[in-house]
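Reader: I should be grateful for a close look at one part of this molecule, beginning with a single loop position. Please then set that part in the context of the remainder, with particular attention to what lies inside.

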Amino acid sequence: MQQWVAEVAYDTLSGVKKTEESFYLPTEDDVRAAVAKKRGYVLSIRPHIRSPLERLLARSTWWQVQLLRGIQFRATSVSSPGVALWKIIEAETNPKRQNILAPAREALSRGLGVIDALKALNIFDHGTLAILAGSEKANKLTEGIPHAIHSITQKKKNSRAIMGTMGWLGFDVITIVQSLFWGKDMVLGWFRDNTPASEAEKIEYDRVVNNLELTWDILIYFSFFIGGFLVWTILSFFLNKGKKDWPTARIVRKIPLIGSYLRDLGFSDSMMAASRMIKGLVPINESLYQAGQATTSPEVSRYWHAANEDLERGIGLGNALDREPLTRSERMELASLSDLGQVATILESISEMRASSAKTKHSLIVWLAFALTGVFLVIAFGSAIYALTVMNISMDSMMGGLMEGI
C-alpha cells in the first residue's frame with residue numbers, strides 16, 4: 001500500500017475541471033480504476049513524498065500523542081474509534097497535517113478499520129501499534145490508548161537520555177579533535193624545523209615525533225569514522241522508522257550491549273501486547289501472531305511465530321512458549337503453566353522483567369559511553385603532554401648549542 005497523488009480531470013457543465021487528489025492504494029492501476037469509478041480522467045500519477053518538515057512533524061512524539069488523545073476523547077462521544085479518527089481528519093485545516101493524515105483518510109474511506117488507518121500513517125512504531133491492535137481486538141481500544149501513550153513517552157525519555165549523553169560527549173570529543181586536527185601540522189612542523197644538532201639525540205627525537213604523529217592521526221581518523229557512523233545511523237533510523245528490518249538496523253543489532261538492549265525492549269513490548277490481548281479474550285493464536293508483529297527485532301518476531309506454529313501442531317501452550325531466546329528463569333515460569341488464566345499474568349511479569357533489564361542496559365550504555373570517551377580524552381591529553389616532552393628535547397638541544405657557542 002502506498003499514497004499516490006493524481007491529477008484528475010472531470011467533465012462538468014462549465015467545462016473540464018482539473019483537481020489533485022490523494023489515493024492510498026497498492027499500484028497505479030488501482031488508482032486509475034478508482035478514478036474511472038468516479039467518472040474522471042487521470043492526467044498524471046506520482047507517489048506522494050512528504051517534505052522534511054512533514055516527516056519531522058509526523059514522527060514527533062507530540063504529534064503521535066495528540067492524535068491518540070484526540071481519538072480517545074472523541075471515541076467517548078461517538079460510536080467507534082474509527083468514526084472518531086474520521087472526525088479528526090475532517091476537522092483538520094492545516095495543509096501539512098492534512099497531507100500526513102491523507103493515507104488514514106483513504107484507508108477509512110475504503111472501509112478499513114482504525115488500526116489499518118493508523119498503520120497507513122507510518123508514524124507509529126510496531127510496539128505501539130501492537131498495543132493498540134490488541135486493545136482493539138479486545139474491544140477496549142480507548143482503554144489501551146493510555147498504555148500506548150505511556151509506551152511512546154517512555155521510549156522518548158530513553159531516546160532523549162541517550163541522545164543528550166551522546167551529544168555532550170560528542171561535544172567534548174569534537175573539541176579535542178578540532179584542536180588535534182588544526183594544531184597537528186603547526187606543532188609537528190615546529191618539531192621538524194627544530195631538530196637537535198646531536199645525531200644521537202636526533203634519532204631519538206625523530207622516533208618520538210613520528211610516534212606522536214601516528215597517535216594523532218589514529219585519534220583523528222578514528223573519531224571521524226565514529227562520528228560519520230553515528231550520523232549515518234541516526235539518519236537511517238529516522239528515515240526508515242516503521243520498517244521491520246534494514247541494513248543499518250542489522251549492523252546495530254550486532255553490537256553486543258545495544259543488540260541485547262533492543263531485544264529486551266522487543267520482548268517487553270510484545271509480551272505486554274500479548275498479555276493485554278489474552279486478558280481481552282482474543283484467540284490465543286491471533287494473540288501470538290499480533291505479538292510477533294509488535295516488534296522490529298527479527299529474533300523476537302521469530303520467537304512468536306515459532307511458538308504459534310508449534311501451537312497449531314497441537315503442542316501445549318507452555319511448551320510452545322518455552323524456547324530460546326528466553327532466559328532460564330522465564331522458561332521455568334512458562335513451563336509451569338497449568339491453565340490459560342495464568343498465561344497473561346506470566347507474560348506481563350516477563351514484560352516487566354525485560355523492561356527492567358532494558359533500563360539497566362540503558363544505564364550501562366550511557367556509562368560505557370562516558371568511560372570510552374574518558375579513555376579517548378586521556379589518550380588525547382596524554383599525547384599532548386607527550387608533545388611537551390618532545391619540545392623539551394628540542395629546547396634542551398637548542399640551549400646546549402647556544403651555551404657551546406658562548
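**From a loop to the interior**

Author: Arg39 is placed in the loop between helix H1 (28-37) and strand S3 (40-47). The model in which it appears is a predicted one. Although Arg39 is not a glycine, its phi is positive, at about 60°. The relative accessible area of Arg39 is 74%, and because this is over 50% the residue counts as exposed.

As to the setting of this loop, the protein has 16 helices and 3 strands. It comprises 406 residues, of which 40% count as buried. If one takes the contacts between residues at least 6 apart in sequence, 60% of them join residues at least 24 apart.

The mean pLDDT of the protein is 77, with 84% of the residues at 70 or more. Residues 398-406 have a pLDDT below 50, and beyond near neighbours in sequence this stretch makes 1 contact in the model.

Two further backbone features may be placed beside Arg39. Asn122, just after H6, takes a positive phi of about 55°. Glu324 and Pro325 are joined by a cis peptide bond, with omega at about 10°. Pro325 belongs to the loop between helix H14 (317-321) and helix H15 (328-335).

The interior may now be considered. In soluble globular proteins, nonpolar side chains tend to be buried together. Here the largest nonpolar core has 32 residues, and those with the most contacts inside it are Leu67, Leu68, Ile71, Leu85, Leu118, Phe124 and Leu132. At least two residues of this core come from each of helix H3 (61-75), helix H4 (81-91), helix H5 (95-109), helix H6 (114-121), helix H7 (126-137) and helix H8 (141-193). Another core lies apart from it; this one has 22 residues, among them Met271, Trp304, Leu311 and Leu317.

Within the largest core, Leu67 serves as a convenient point of reference. With its neighbours within four places in sequence left aside, Leu67 is in contact with Leu85, Ile88, Leu101, Leu118, Leu121, Ile123 and Phe124. Two of these partners, Leu85 and Ile88, are among the buried residues of H4, together with Gly82, Ala84 and Ile89. These buried residues of H4 cover an arc of only 160° around the axis, and they therefore lie on the same side of the helix. An α-helix has 3.6 residues a turn, so residues three or four places apart point the same way.

H6 is mostly covered, since 6 of its 8 residues are buried. The buried residues of H6 are Val114, Ile115, Ala117, Leu118, Ala120 and Leu121. Of these, Leu118 and Leu121 are among the contacts of Leu67.

The aromatic residues come next. The structure holds 3 aromatic pairs. In the pair formed by Tyr303 and Trp304, the ring centres are 5.2 Å apart and the planes stand at 80°, so the arrangement is edge-to-face. Both partners are withdrawn from the surface: Tyr303 is buried, at a relative accessible area of 2%, and Trp304 is likewise buried, at 0%. Phe267 joins Tyr303 and Trp304 in one aromatic cluster.

A polar residue may be set against these rings. Ser351 lies in helix H16 (residues 341-405). Its relative accessibility is 2%; because this is under 20%, Ser351 counts as buried. The side chain of Ser351 reaches the backbone oxygen of Ser268 at 2.8 Å. Beyond its neighbours within four places in sequence, Ser351 is in contact with Ser268, Met271 and Met272. Of these residues, Met271 is one of the members of the core of 22 residues.

A last position, Met277, is found in helix H11 (residues 256-279). Met277 has a relative accessible area of 0% and is buried. Outside its neighbours within four places in sequence, Met277 is in contact with Gly134, Val282, Ser287, Gln290 and Ala291. Met277 and Asn139 are 138 residues apart in sequence, while their C-alpha atoms are 9.9 Å apart in space.

The account thus runs from Arg39, which is exposed, to Met277, which is buried.

Notes. Residues are numbered from 1 along each chain as its sequence is written. Side-chain values use heavy atoms; hydrogens and water are left out. A nonpolar core is a set of buried Ala, Val, Leu, Ile, Met, Phe, Trp, Tyr and Cys residues joined through side-chain atoms within 4.5 Å. Buried means under 20% relative accessible area, exposed over 50%, partly exposed in between (1.4 Å probe, protein chains only). Helices (H or I, at least four residues) and strands (E, at least two) are DSSP runs, numbered from the N terminus. Contact means heavy atoms within 4.5 Å. Rings of Phe, Tyr and Trp (its six-membered ring) pair if their centres lie within 6.5 Å; planes under 30 degrees apart count as stacked, over 60 as edge-to-face and the rest as tilted. A polar contact is a pair of N or O atoms within 3.5 Å; within protein, one must be able to donate a hydrogen and the other to accept it, and residues adjacent in sequence count only if both atoms are side-chain atoms. The arc is that of the directions from the helix axis to the C-beta atoms. pLDDT is the predictor's confidence in each residue, from 0 to 100.
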